[in-house]
Amino acid sequence: MCNLIGHALQQALTRRGFIAGSAVGASLIAPMMCSAVAGDDELDTRIEIAQSSGDTASSRTRLLLLGTAGGPTWWPNSDQCGISSAVAVGDAYYLVDCGEGVGKRLQQALLPANSRVMSANLRALFLTHLHSDHTVDYPNLLLFGLFTGLDRPASPLKVFGPGRRGQVAPVFSLPGSSSPTAPIISPDNPTPGTKDMTGYIYQAFATDLNDRMRDNGKRSLEALVEVHDIDIPQIAGFKSPNETPAPPMEPFRVFEDDRVRVSAILVAHAPVWPAFAYRFDSEDGSIVFSGDTARSENLIKLAKGADILVHEVIVTRWIHGLFPAPRSVAEEGLMQHLLGAHTPVEEVGGIAEAAGVKKLVLSHIVPGNATREQLSPAGKGFSGELVIGRDLMQIGTGQAAAPARKG
Ligand SMILES: [Zn+2]
Ligand SMILES: [Zn+2]
């Protein structure tokens, strides 16, 4: 039977990450915890504590949910930050996506108050795709990172993300209507990849960066950050980003160090291309991030047998309520994207079951102020453990980092 996990945040508040996050973090979280876990009595009887085994704080490999809201907006009536997560293996950290608030949440998750070396053990960042809700605080991470631990030339931060799309996406139109057009931003390079984007960030902030190097003795970010556009292997049946955005393929290796091996695969988030899911394997287990995607057989292949699957989800009924008929072409286009490029809450349980994962964690939740009642259908068809993700939740997997000490 599926366990609906909603009170995990309360449990987590007593654990290392939250204690380490100081009273500031705890007080910031407490009010949203109250509203987030309020539900009907029937649901409450089915809810258990995600970290009931008590191993989260001591697990060497941990999932950290930093921001759990999806979408390029500031959700009303919600304190959840934009999508970003981290994998911790011992004292090494790996980020997945840079949604709004990533730096602040990382600080709350990892550090005692007033510490300034947050980024010192941050080894790598993996961007699933270049939608703004996944990248908007990437500049923030780099620029503030100069003052919080990134200034370490011996071990540059490695960044991995999509390369150039290479062709612009078609303009959405209704069947039978005339071919619409849209202006093009940056016609010389209209679909920049991660390396391009990083270079443009340096250009946009050149006044600040040149000042910091002269006035504060900082090094050049160009020397402190090592950016990689992910090379996608040859795929049989691939034609173009517009025609075949996520053809069937095998997972491929993106990164490996002494703690983790990271693999990727293309997922179904058209017209965005490329859009990746990532799998982290450590000695302790495996954690998979779906990125943004509709149901994807590639994702199911990547996630086979994983300990934890962090999967995006969208509340279908909310979409229909958002766009009542009659709809403009623009409204129709956005509605079709939401329906066709994301995973309805009723389907995610079946995906987790097909992948045979032990634990399904919902994150990139749309709307960002969804109620537990709206999200509870995620357990449909899933025999493992379901966790409704909340900011700053930590979930451990595998062996303990050190023997527990009491007294
Ligand atoms: Zn998104
Ligand atoms: Zn997206």
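The four donor atoms around the zinc ion (ligand 1) are arranged irregularly, because their angles run from 89 to 166°. For comparison, ideal angles at a metal are 109.5 degrees for four tetrahedral donors. The model is predicted. The protein donors are D133 (OD), H134 (NE2), D292 (OD) and H364 (NE2), and they lie 2.1 to 2.2 Å from the zinc ion (ligand 1). Along the chain, these donors follow the spacing D-H-x157-D-x71-H. D133 belongs to helix 6 and H364 to strand 13 (residues 359–366), so this pair ties together parts that are 231 residues apart in sequence. D133 and H364 are both buried. D292 has a second role: D292 bridges the zinc ion (ligand 1) and the zinc ion (ligand 2). These two ions lie 3.3 Å apart.

**The chain as a whole**

The protein chain has 15 helices and 15 strands. It has 407 residues, and 54% of them count as buried. Among contacts in the protein chain with a separation of 6 or more, 72% come from residues 24 or more positions apart.

**Strand 4 and its partners**

How many of the residues of strand 4 are buried? Five of the five, so strand 4 (residues 92–96) is largely enclosed by the rest of the structure. In a regular strand, side chains alternate between the two faces of the sheet. Here A92, Y94 and V96 point one way, while Y93 and L95 point the other way.

Strand 4 pairs with strand 3 and with strand 5. The table sets out both pairings.

| Pairing | Sense | Bridges | A bridge partner pair |
|---|---|---|---|
| Strand 3 (residues 84–89) and strand 4 | antiparallel | five | V89 and A92 |
| Strand 4 and strand 5 (residues 122–126) | parallel | four | V96 and F126 |

Strand 3 and strand 4 form a hairpin with two residues between the strands. In this hairpin, G90 takes a positive phi near 60°.

**Aromatic rings**

F126, the bridge partner of V96, also takes part in ring packing. The structure holds 12 aromatic pairs. One of them joins F126 and F160, and this pair is stacked. The ring centres are 5.2 Å apart, with 10° between the planes. The pair links distant parts of the chain: F126 sits in strand 5 and F160 in strand 6 (residues 157–161), 34 residues apart.

Are F126 and F160 buried or exposed? F126 counts as buried because its relative accessibility is 0%. F160 is buried too, with a relative accessible area of 7%.

Both rings belong to one aromatic cluster. Its members are Y94, F126, F160, F252, F255, F276, Y278, F280 and F289. Y94 brings strand 4 back into the picture, as one of its buried residues.

Another ring, F147, has a charged neighbour. K218 lies over the face of F147, at 4.7 Å from the ring centre.

**Helix 8**

Which residues of helix 8 are buried? In helix 8 (residues 194–204), they are T194, D196, M197, T198, I201 and Y202. An α-helix has 3.6 residues a turn, so residues three or four places apart point the same way. The cover over the buried residues of helix 8 includes helix 6 (132–135), helix 7 (138–145), helix 9 (206–215) and helix 10 (221–224). Strand 6 and strand 7 (225–229) are also part of that cover.

Two of these covering elements appeared earlier. Helix 6 holds the zinc donor D133, and strand 6 holds F160 of the stacked pair.

Notes:
Residues numbered from 1 in each chain as written. Chains lettered and ligands numbered in written order. Predicted model: local features only at pLDDT ≥ 70, side-chain atom pairs only at ≥ 80, totals over all residues. Heavy atoms only, no water. Buried < 20%, exposed > 50% of the residue type's maximum accessible area, 1.4 Å probe, protein only. Pairing = 2+ DSSP bridges. Phe/Tyr/Trp six-rings, centres within 6.5 Å; stacked < 30°, edge-to-face > 60°. Lys NZ or Arg CZ within 6 Å of the ring centre and 35° of its normal. Contact = heavy atoms within 4.5 Å. Donors = N, O, S within 2.8 Å, 3.2 Å for Na, K, Ca; no water. Tetrahedral: all angles 85-135°; square planar, octahedral: opposite > 155°, others 65-115°.
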